[in-house]
Amino acid sequence: MNQRKMAFDPGQYVKLLPGLVGIVLNKAQYLAATKLLKQGQKPGRYFAPGCCQHPDYVIQIPVLFEDETFDVMRAMNIKHIDSPPPKKRQKLRTIIEKLDQYSRREQTMEDCIFCKIVKGEIPCFKVYEDDKVLAFEDINPIDLGHTLIIPKNHAENLFEIPDEDLAAIHLAAKKIARGIREALNPTGIACLQLNGKGANQVVMHYHFHLVPRHEGAPELPITSWELKPGDMGAIEETAKKIAAAIEG
Ligand SMILES: [Zn+2]
């Protein structure tokens, strides 16, 4: 009995008669697959919740199939196989990676302080909200009026944020900057956005800073660097590298 159970451990390949190849999911992958389905995304196109509720189904095995569907299977309906053809194996691995990424992201969101603010679990001094973004006061402000604009959907940085959320952030920034100008009459507003620990990003949820500047306020190093000519050869070489990477 134990041996039979062992044959269906997560990560093992199975075959559904008459021939679909699948892989057994672990709990996190199964939950991710269920949530992705709810959002109308692949995988899977079908799911039969009745299966796992039926009293006869003592052994329930969540299986993802090569056609990007998944189901909870009875052990008797699937057969263990050692190694599917490389192409099928690769395809299953790709989908599994997607599920793993999704569940890692879910975990990150559960721990994310800005996601908690979006959900209302942590209070904030809100200044603006629309369907895509939320803006609130930084509680460790550089100066009064220091405002953060965040996407409601968790994205860690500029590399991850979807185009439409990024556009919404910048459109909101324009409105909020006008509000700051009208309310506080600053001499300028600095816009800052940091990506990665190397740039001192502290909260790993994309955020755009609006920092009102006033006469006599201490300089921000990032807005007051010394202007000295660089090495033109190195600048040209770097521009070529970046342009090539963008094209590539
Ligand atoms: Zn978040």
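Colleague: Which residue in strand 8 is the bridge partner of Val 133?

Modeller: This is a predicted model, and in it the partner of Val 133 in strand 8 is Pro 151. To read a sheet, begin with such a pair and then move on to the whole strands. Strand 7 (133-137) and strand 8 (147-151) pair in the antiparallel sense, over five bridges.

Colleague: In what order do the strands of this open sheet lie?

Modeller: The order is 6-7-8-10-9, five strands with antiparallel pairing. Strands 6 and 9 are at the edges with a single partner strand each, so one side of each has no neighbour in the sheet. From one strand to the next, the twist averages 20°.

Colleague: Now the helix. How many Å should helix 6 span, and how far apart are its end C-alpha atoms?

Modeller: Take 1.5 Å for each residue. Helix 6 runs over residues 163-184, 22 residues, and should therefore span 32 Å; its end C-alpha atoms are 31 Å apart, which agrees.

Colleague: Which residues of helix 6 are buried?

Modeller: A residue counts as buried when 20 or more other C-beta atoms lie within 10 Å of its own. In helix 6, Ile 169, Ala 172, Ala 173, Ile 176 and Ile 180 are buried. They cover an arc of only 130° around the axis, which means that they sit on the same side of helix 6.

Colleague: And which exposed residues does the face turned away from that buried side carry?

Modeller: That face of helix 6 carries Asp 163, Glu 164, Ala 167, Lys 174, Arg 178 and Glu 182.

Colleague: What covers the buried residues of helix 6?

Modeller: The cover includes strand 6 (126-129), strand 7, strand 8, strand 9 (188-192) and strand 10 (208-213). Those are the strands of the sheet we began with, in the order 6-7-8-10-9. For a single residue, look at Ala 172. Leaving aside neighbours within four places in sequence, Ala 172 is in contact with Tyr 128, Asp 130, Val 133, Ala 135 and Ile 149.

Colleague: Which residues of the largest nonpolar core touch the most other members?

Modeller: They are Ala 135, Ile 149, Ala 172, Ala 173 and Ile 176, out of the 19 residues in this core. At least two residues each come from helix 5 (113-118), strand 7, strand 8, helix 6 and strand 10. Helix 6 gives the largest share, five residues. There is also a second, separate core of 18 residues, which includes Val 14, Leu 25, Ile 61 and Leu 99.

Colleague: What is the sign of phi in the residue that follows helix 6?

Modeller: First the general idea: most residues other than glycine have a negative phi. Asn 185, which follows helix 6, has a positive phi, near 50°. Asn 185 lies in the loop between helix 6 and strand 9. With 9 other C-beta atoms within 10 Å, Asn 185 is exposed.

Colleague: What is phi in Asn 200, which is not a glycine?

Modeller: Phi of Asn 200 is positive, about 70°. Asn 200 is placed in the loop between strand 9 and strand 10, and with 9 other C-beta atoms within 10 Å it is exposed.

Colleague: In what order do the strands of the other open sheet, with strands 1 to 5, lie?

Modeller: The order is 4-3-2-1-5, and the pairing is antiparallel. Strand 4 (70-74) and strand 5 are the edge strands, each pairing on one side only. The twist averages 45° from one strand to the next.

Colleague: How many bridges hold each pair that strand 1 and strand 2 make?

Modeller: Strand 1 (residues 13-16) and strand 2 (residues 20-24) pair over four bridges, and Leu 16 has Leu 20 as its bridge partner in strand 2. Strand 2 and strand 3 (residues 60-65) pair over three bridges; the partner of Gly 22 in strand 3 is Phe 65. Three bridges join strand 1 to strand 5, where Val 14 is partnered by His 80.

Colleague: Where does Pro 84 lie, and which residues does it contact beyond its neighbours within four places in sequence?

Modeller: Pro 84 is in the loop between strand 5 (78-80) and helix 4 (86-111). Its contacts are Tyr 13, Val 21 and Arg 89. Pro 84 and Tyr 13 are 71 residues apart in sequence, yet 7.1 Å apart in space, C-alpha to C-alpha. With 18 C-beta neighbours inside 10 Å, Pro 84 counts as partly exposed.

Conventions: Residues numbered from 1 in each chain as written. Predicted model: local features only at pLDDT ≥ 70, side-chain atom pairs only at ≥ 80, totals over all residues. Expected span 1.5 Å × (residues − 1). Buried ≥ 20, exposed ≤ 12 C-beta atoms within 10 Å, placed from the backbone. Arc of directions from axis to C-beta. Contact = placed C-beta atoms within 7 Å. Pairing = 2+ DSSP bridges. Axes fitted to C-alpha atoms, helices over the stretch in contact; angles between N-to-C directions. Core = buried A, V, L, I, M, F, W, Y, C linked by C-beta atoms within 7 Å.
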